[in-house]
Amino acid sequence: MRGIYAVVTAINAKLPKAKVLLLAIMPSAYHIPVVQATNKLLTSGNTGDLHSKPQYHLLDMATHFRSGLQLNASLYVPDRLHLTAKGYEVWHQAMASTYD
């Protein structure tokens, strides 16, 4: 988390009006415990004072690609890493809330 905080802080120092969109890690069939732990840290507010900055926005994409705790396999090609056309539609819909 320190690395993420350092990058966002550096961006804010150089470009104070810049908006920062941080995406939670997309789920895949690989590294599941690490992805879940990292996303939990991101969404729990353990990112210093980032959550209080109006130019900072966290989007938890992971919730759109799971069914409960399981990967929604219909949104992925057989490698369970890359998205299908339907997966990209879901991705676009999830991202739509961030468009100005």
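This is a guided tour of one protein chain, stop by stop, with a suggestion of what to select at each one.

**The whole chain**

Begin with everything shown, and keep in mind that what you see is a predicted model. The protein chain has three helices and four strands, and if you follow the elements from the N terminus on, they run α-β-α-β-β-β-α. Taken along the principal axes, the C-alpha atoms fill a box of roughly 40 × 30 × 20 Å. Of the 100 residues, 27% count as buried. Among the contacts with a separation of 6 or more, 59% are between residues 24 or more positions apart.

If your viewer can colour by confidence, try that now. The average pLDDT of the chain is 85, and 91% of the residues score at least 70. Confidence is highest in α3, with a mean of 94, and lowest in α2, with a mean of 83.

**Helix α1 and its last residue**

Select residues 2–14, which form helix α1, and then pick out Lys 14 within this helix. Is Lys 14 buried or exposed? Lys 14 has a relative accessible area of 70%, and therefore counts as exposed. If you draw a distance from the C-alpha atom of Lys 14 to that of Ser 52, which is 38 residues away along the chain, you should find a separation of 19 Å.

**Strands β1 and β2**

Next, select residues 20–23, which make up strand β1. In a regular strand the side chains alternate between the two faces of the sheet. In β1, Val 20 and Leu 22 belong to the covered face, whereas Leu 21 and Leu 23 belong to the uncovered one. Now add residues 56–59, strand β2, which runs parallel to β1 and is joined to β1 by four bridges. To see how the two strands line up, look at Leu 21, which stands opposite His 57 in β2.

**The loop between β1 and α2**

Move on to the loop between β1 and α2, where you will find Tyr 30 and His 31. Tyr 30 has 41% relative accessibility and so counts as partly exposed, while His 31, at 63%, counts as exposed.

What is there to notice in the backbone of His 31? Most residues other than glycine have a negative phi. The phi of His 31, however, is near 55 degrees, a positive value in a residue that is not glycine.

Keep Tyr 30 selected and show what surrounds this residue. Which residues does Tyr 30 contact, leaving aside its neighbours within four places in sequence? They are Val 35, Asp 79, Arg 80 and Leu 81. The C-alpha atoms of Tyr 30 and Leu 81 are separated by 7.7 Å, although the two residues are 51 places apart along the chain.

**The loop between β4 and α3**

Two of the next residues to select are in the loop between β4 and α3, namely Arg 80 and Thr 84. Arg 80 also has a positive phi, near 60 degrees, in a residue other than glycine. With a relative accessible area of 30%, Arg 80 is partly exposed.

Thr 84 comes to 18% relative accessibility, and because buried means under 20%, Thr 84 counts as buried. Apart from its neighbours within four places in sequence, Thr 84 is in contact with Ser 74, Leu 75, Tyr 76 and Val 77.

**Helix α2 and Asn 39**

Now select Asn 39, whose place is in helix α2. At 6% relative accessibility, this residue counts as buried. Beyond its neighbours within four places in sequence, Asn 39 contacts Ala 24, Ile 25 and Ala 62.

**The largest pocket**

For the last stop, show the surface. Rolling a probe the size of a water molecule over the atoms shows where empty space is left. The largest pocket holds about 250 Å³ of space. To find this pocket, select Pro 27, Ile 32, Val 35, Gln 36 and Arg 66, which lie nearest its centre among the 16 residues of its lining. Two elements, α2 and β4, give two or more residues to this lining, and the largest share, six residues, comes from α2. Colour the lining by residue type to finish, and you should see eight nonpolar, five polar and three charged residues.

Technical notes. Residues are numbered from 1 along each chain as its sequence is written. This is a predicted model: local features need pLDDT of at least 70, side-chain atom pairs count only at pLDDT 80 or more; totals for chains, interfaces and linings use all residues. Side-chain values use heavy atoms; hydrogens and water are left out. Buried means under 20% relative accessible area, exposed over 50%, partly exposed in between (1.4 Å probe, protein chains only). Contact means heavy atoms within 4.5 Å. On a 1 Å grid over the protein atoms alone, a cavity is a set of points where a 1.4 Å probe fits but cannot get out, and a pocket is an open set with protein on both sides within 12 Å along at least five of seven lines; lining residues have an atom within 4 Å of a point. Grid points are joined across faces, edges and corners, and a volume is the space filled by probe spheres set on the points. Ala, Val, Leu, Ile, Met, Phe, Trp, Tyr, Cys and Pro count as nonpolar, Asp, Glu, Lys and Arg as charged, and the others, Gly among them, as polar. Two strands pair if DSSP finds at least two bridges between them. pLDDT is the predictor's confidence in each residue, from 0 to 100.
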